[in-house]
Amino acid sequence: MKLKNYIVALCVGALASYTDMDIPPMNIVGDKDIFGSTEGVTSYMARLYSTLPVEDFRYSHANMFFSGGANYAQPSCLTGEAVSRDTHGAEVEKANYWDAAYALIREINYFIRTLPEYESSHSAAEVESLLGEAHFLRAYTYIALAKRYGGVPIVSTVIDYPGSVSIPETQLYRDSEEATWDFISADLDEAIARLSVRNAKGRADKYAAAALKSRAMLYAGTIAKYNEVNEVYCDVRICGIPAGRATGYFEQAYAASKIVDEGGYELYKGEWAAADREAQYRNFVNLFLKDTKENIFVKYYVYPESVHSYDCFAQPTQTSTGGSNTEICPTLDFVEMFEGFEKDAEGHFANFDRDGYYKLYASTMEPFKDAEPRLRATVLLPGDEFKGEQIEIRRGIWVGTGDKISPLLPPGTYNFYDDQPAYADDAASLLKLAKRESQNTDANAILLKDGTRMKRAGKSGTVQYQEIGCTVSGFLIRKYLDPEQKNTNWNQSAQSWIDIRYAEVLLNRAEAAAELVAAGIAADESGADYRNEAFRCINLVRERAGATLLASAAQATIDAVRTERRKELAFENKTYWDLKRWRILHKEQSSRTYRTLQPFFAADAMKYFMDVKYQEQSGKVYTFDTRNYYQQIPAGEITKNPNCKQNPGY
């Protein structure tokens, strides 16, 4: 029985009267039409790619994949990378990715089974590469399942329901988490062995498969090492991997990353120049807006046929033409991971002088003038330039006299500034604020000593109630924003999403190597020293970023590579899964509120100062429930299949 008939014309009724003739119905495309031609196979492949679970611009933790319209819930707002008005502290990825995954797996399995029946219609090399590509796509889909649910039913053949298989035969038990990752590894080995070294734009090749394996096996290795959940059902460990498997998985990740080196990939440095921080900044900005030799696996968008809304919801209000904006507001906690500005002994932004008064600056960009170029290219700092404008971020105006300004609020204060009696909006108030955008008017502007008038808040915020058009953290996102995008309304953007790039592969290798060193394994089979290779890979990434290089291989620790990942791969939807596989998200988020930077203008001194404050919105306390390291299998799937055991805690 055929898996599926493809309806290509709405003329079933017209054809019904001719069913007694020995002529195939013209509205049905059969296997021969699909698998017997290059065009048909290409069409089938395109459909598989269109439903691949790539976590790109259209992905959110609330709507999952392929969501259109508003993507207010951004994954970076679950990790401490950013905060927003529309993400609250207790949120996790909650949408269903089970049924869609197995529907895609069924389509891939059908392809793997059926293509060889028509191999005479294609060259041997073409068939081999296509089958490798199908194994890549199946592994990619199983990774999406395994990192969410642990062990899942492994389906490697077409289940012929309702033809020859009954409902009870479709009610599969979950395989072990270990077996699931091993299946992924085997699929990717098939892909690496069979795929061509180059493929059509947007499709996987041998090196994409190797890069994906380096990612997947790193995930499996860290689960084996750090996970503490041990859920057994019918003698199968559906959650958890034996700790003894960790080193083997790390070795696989390391070896796969080395295969990628054969493909000629490199870190993009087309606009980079040594000791030129501006060039390094531009280089990192444009890395995400160009097709470069760093890109290994990319999801392409083409206007107007295939678009997304990133420039809409990430845009500063000053440069927005409609829709929404300022939904991704990086935290000060994230910014402090970078170097190039003054910090105190605890590594926090140093906004006070030795006497306990605010440091004063000529501009809001002054404290960041020597910031790491990669930071400027990732985060839009207050006062930096975008689309020919200085992005104006200001919380309010201090109208007290002198240049000795004491802390506005007691340390650790969560309240609004307006809650303090001294800052009540009256004539005697020394702090002039806008509660809403509607109050940030020329009529409420403050007359300065040079005769000019300044509105209370900046053009891009911040106001107390943090309305649309207002940063909630004092920062905005820069990575992936296209300064040439004129129309920033919904569904107007067409930047490509770089799903796998060479920088990640280098960091995968560095992490695997650091883990192997920690396990007491010094070198690989060829004698290459793991610690030195981790050191080399980290420094390659740091050099391109404009960061200070590690001084010695001894500094290439697990913690060092983790921090480097969080900076280099920020806002690429990787950090959430990293924090989960390292099993540290619950430690980072235990009744935590993230910190913001609030610029103020001192009217008498005619300079700016920076206040550090916890996010002002209520309900923004982040706590991660450890049961969410393994997500809930959709309840409807458990109802349909009683043999599929639910994850613990649900």
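This is a short tour of one sheet and one pocket in a predicted model.

**Stop 1: the sheet.** Start by selecting β12, β11, β17 and β18, in that order, and you have an open sheet of four strands. The pairing is mixed. Now look at the two ends of that row: β12 (431-433) and β18 (607-614) are the edge strands. Each has a single partner strand, so one side of each is left without a neighbour in the sheet. Turn the view to look across the strands, and you can follow a twist that averages 30° from one strand to the next.

**Stop 2: β17 and β18.** Keep β18 on screen with β17 (residues 595-602) and hide the rest. These two run antiparallel, and eight bridges join them. For a spot to zoom in on, pick Leu 597: which residue stands opposite it in β18? That's Val 612.

**Stop 3: the largest pocket.** Next, leave the sheet and select Asp 99, Tyr 102, Ile 159, Thr 170 and Glu 637. Of the 20 residues lining the largest pocket, these are the closest to its centre. The space in there comes to about 660 Å³.

**Stop 4: the pocket's walls.** Which elements give two or more residues to the lining? Colour α4 (99-114), α6 (167-170) and α19 (635-640) and you have them. Give α4 the brightest colour, as the largest share of the lining, six residues, comes from that helix. To finish, recolour the lining by residue type: you should get eleven nonpolar residues, five polar and four charged.

How values were computed
Residues numbered from 1 in each chain as written. Predicted model: local features only at pLDDT ≥ 70, side-chain atom pairs only at ≥ 80, totals over all residues. Heavy atoms only, no water. Pairing = 2+ DSSP bridges. Axes fitted to C-alpha atoms, helices over the stretch in contact; angles between N-to-C directions. 1 Å grid on protein atoms, 1.4 Å probe; cavity = no way out; pocket = protein on both sides within 12 Å on 5 of 7 lines; lining within 4 Å. Points joined across faces, edges and corners; volume = space filled by probe spheres on them. Nonpolar A, V, L, I, M, F, W, Y, C, P; charged D, E, K, R; others polar.
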